[in-house]
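Visitor: Could you pick a single residue in this structure and take me through its surroundings up close? A bit of context on the whole chain first would be great.

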Amino acid sequence: MDALARDLDAIFNGPRRGKDRNVCFTLLVTDFNKSSRVNYISNGNRADVVNMLKEVIARFEGQPEMSGKA
């Protein structure tokens, strides 16, 4: 997961580091059949990740259910 985070950060931000980065990402990963455990990686700090997740949950809860599978 750490290597993936480094690769994603390089893809999104190139050589920029620290406060010079433009893109903050969070990737959530879970098993299809065992959704009780979720792992995440992020290049942001925990407080920012919590705020991003709250925004996403609010957005999802305000949307109608999608019909069809991805």
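Guide: Sure. A quick definition to start: accessible areas here come from the Shrake-Rupley method with a 1.4 Å probe. By that yardstick, the protein has an accessible surface of about 6300 Å², and carbon and sulfur atoms account for 54% of that area. Keep in mind that we're looking at a predicted model.

Now the layout. The protein has two helices and two strands, and going from the N terminus the order is α-β-β-α. The chain has 70 residues, and 13% of them count as buried. As for contacts between residues at least 6 apart in sequence, 24% link residues that are at least 24 apart.

For the close look, let's go to Asn13. You'll find Asn13 in helix α1, which covers residues 2–13. Is Asn13 buried or exposed? Asn13 counts as buried because its relative accessible area is 0%, and the cut-off for buried is under 20%.

So what does the Asn13 side chain reach? One partner is the backbone nitrogen of Asn22, at 2.9 Å. Another is the backbone nitrogen of Val23, which sits 2.8 Å from a polar atom of the Asn13 side chain. Now widen the view from polar pairs to contacts in general. Once neighbours within four places in sequence are set aside, Asn13 touches Arg21, Asn22, Val23 and Asn43. To put the spot together: Asn13 in helix α1 is buried, and its side chain meets backbone nitrogens of Asn22 and Val23.

Key: Residues numbered from 1 in each chain as written. Predicted model: local features only at pLDDT ≥ 70, side-chain atom pairs only at ≥ 80, totals over all residues. Heavy atoms only, no water. Helix = DSSP H or I, 4+ residues; strand = E, 2+ residues; numbered from the N terminus. Buried < 20%, exposed > 50% of the residue type's maximum accessible area, 1.4 Å probe, protein only. Contact = heavy atoms within 4.5 Å. Polar contact = N/O pair within 3.5 Å; in protein donor to acceptor, adjacent residues only side chain to side chain.
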